[in-house]
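I set out to look up how one chain of this model is folded, how two of its helices are placed, and where it meets its partner. My entries follow.

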Amino acid sequence: MMASQKAMLHRVGLALALALLLVMPWLLGSYQLRLFTEAMIFSLYAVSYNMLLGYAGLLSFGHAMFFGWGAFSFAVALNHFPGMPLMGAVVLAMASTTVMGLVVGVLLLRVKGTPFALLTLAFNALVFAIGIKWHSVTGGDDGLSIATPTLNLGFTDLVVSHGPNLYYFTLVIVGAAIAFAWYFTRTAMGQSVLLIRENEERMRFLGYNTNVSRLILFVLSGALAGLAGSFYAILNSFVSLDAVSIEMTTKVLLMTFIGGTGQFLGPVVGAFFFTYVQNFLSDLTDNWPLIMGALFIAMVLWVPGGLAGLAAKLSGGRKDDDPDGTLAGLE
Amino acid sequence: MGEAAVFFLHGLAYAGLLFLVSSGLTLVFGMMNVLNFAHASFYMLGAYFAYSILRFTGNFWLALVISPIILLVIGAFVERFLLRKVHVHGHVHELLLTFGLAYIIQEAVKLLWGTTPMAMPVAGILADTVNLFGVVYPVYRLFIFCLSALLGLGMALVLFKTRIGIIVRAAVDDSPMVDALGINVPLVFMGVFAVGAALSGFAGVAAGPLLSVFPGMAGSILVDAFVVIVMGGMGSLGGAVLASFIIGELQSFGVLLFPDFSLALIYMLMALVLVLKPEGLFGEKQ
């Protein structure tokens, strides 16, 4: 097949996918639509995680600290500042997650590899502890209820707390964020992070400040996770400590890895797979995490490229960023 | 004064548990460059096995012997049939594998034993108190500390005074060289991994009567053990001793002095070490 034909095919595929996303509320019932919305939010969470794992080769066990921080910042912004517009709260949540990402990143990126992995876990535990103890702000074990304000579009106010409106709101903002992440990985900046993963020393010789590149990626990844966190808060009209727990970190790890770290869309596949399989299994048994864990181990043992890697292999070896799913970067 | 002494002893008991868990973790890391996320799960399994053995036989000492032996076998199995399989894919996959394992053990424990915390009562002399320099103190906590100290001493003897110890230490420093000298390094790995699991299980049995047995016990000690090996320097046994002592005492006095911030105290200390000496107290510069 000629290259232009292939590009054409891709464009047609993309257009079809977009059209399908636009008519989704007519195809799905309200319960199914909610599930789909949840999967989209988790897609952003997983994509942001894969920027660290897949692109920078940084294995983090603390991504929920950003997700939860974003969710709580969003809820606090709404609850403590009456009259706060919806987008104002979303922007504030992202801003506060960015600041937090900077502080944590400066501290943690001093170390690499395994010490980095375990320090992210310790920081996640720290943020969780703050969440429990700082009862006056976070509500502690009780969590925070939120009343999502309407979205002011200038000519009309939309109720976006549930249903098709929430779906479209999520589709636009979360979709834009995922598209931005994709765009970022294609920029010179994003590519340089990829190269740092492969050979940091050489990049230094070429004059790159590798620490700054990594920090920027780390902060961006955190901010996007924070955005996903705010939408998770809107979806549930509630934020609990669950959002910042180690379980939430585990979740993103499972999603990303099952989906595949080697391709940009791998985590999206993983997020949808995880959300739907969890939904299916939890109807059948309370022990669904056991099955999910076994699936995860099976993937690690036999399908290290994840579902997306498997699909790419089956469809005839499309070039990807990390063909074998073997990640460099941990020494 | 009396109160401070009590809290100091409390700290020693917890430091003992921490050392038993983190020593195996740090040795395995030094040798294989693999951080074993499931290590604290071995600790939890040790406690649950002991709980069941205690329920059926009523003999704590039996539990203290059998439970670590079961974990020795589990540890050897995990290393031989799981960890070694993903070794070719690199460290990330090894980390992810142990992470998945920890997740599965967590869920399996909930499935088999339920989620409610269970008390593990000890009888006889262990349940007594003793008058120590004018302070009435439970025997059991002293017992934990002595047990840990004895095991730690035994471990030090094996590591520093025997041929096996020399091989293990050499493998921690430079495993390709040891391999080149004709020593079966994978077997050494398996042995250390299994013994580490057994020690962790031992700590779990000892912790059961003190902290009760519950599904969250792995997570709570895991983070502390991580802090210990980061602070002490990854792969350093001496660092693990010192850091266990510091964390144990900090935990104990933290609860006494700043009940609301005792958790944060440990992380702040860790952040401080990280800023001043990223390789840890006894670690080598990368």
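For the entries below, I take two residues to be in contact if their C-beta atoms, placed from the backbone, lie within 7 Å. The model I am reading is a predicted one.

**Entry 1: chain A as a whole**

I first looked at contacts in chain A between residues at least 6 apart in sequence, and found that 75% of them join residues at least 24 apart. I then listed the secondary structure of chain A, which comprises 14 helices and 4 strands. The radius of gyration of chain A is 20 Å, close to the 20 Å that the globule rule gives for 331 residues, so I record chain A as being as compact as a globular protein of that length. Along its principal axes, I note a span of about 50 × 45 × 45 Å for the C-alpha trace of chain A. Of the 331 residues in this chain, 47% count as buried.

**Entry 2: helix α8(A)**

Which residues of helix α8 of chain A are buried? In this helix, residues 188-198, I found G190(A), V193(A), I196(A) and R197(A) to be buried. Viewed down the axis of α8(A), these buried residues fall within an arc of 110°, and therefore they line one face of the helix. On the other side of α8(A), I noted A188(A) and E198(A) as exposed. I next asked what the buried residues of α8(A) pack against. Their partners in chain A are α2 (30-55), α7 (163-186), α9 (200-205) and α10 (210-236).

**Entry 3: α11(A) and α14(A)**

I checked the axes of α11(A) and helix α14 (residues 306-314) of chain A, which come within 3 Å and cross at roughly 5°. Angles under 35 degrees count as roughly parallel, so I enter α11(A) as roughly parallel to α14(A). From α11(A), the contact is made by F257(A), I258(A) and G259(A), and from α14(A) by G306(A), L307(A) and A308(A). By class, I record 4 nonpolar, 2 polar and no charged residues in this contact.

**Entry 4: the side of chain A that touches chain B**

How many residues of chain A are in contact with chain B? I found 32 residues of chain A in contact with 35 residues of chain B. On the chain A side, the elements giving two or more residues are α5 (113-133), α11 (246-259) and α13 (288-302). The largest share of that side, 11 residues, comes from α5(A). By class, I entered 25 nonpolar, 5 polar and 2 charged residues for the side of chain A that touches chain B.

Note on methods:
Residues numbered from 1 in each chain as written. Chains lettered and ligands numbered in written order. Predicted model: local features only at pLDDT ≥ 70, side-chain atom pairs only at ≥ 80, totals over all residues. Buried ≥ 20, exposed ≤ 12 C-beta atoms within 10 Å, placed from the backbone. Arc of directions from axis to C-beta. Nonpolar A, V, L, I, M, F, W, Y, C, P; charged D, E, K, R; others polar. Axes fitted to C-alpha atoms, helices over the stretch in contact; angles between N-to-C directions. Parallel < 35°, antiparallel > 145°, perpendicular 65-115°, else oblique. Rg over C-alpha atoms; globule rule 2.2 N^0.38 Å.
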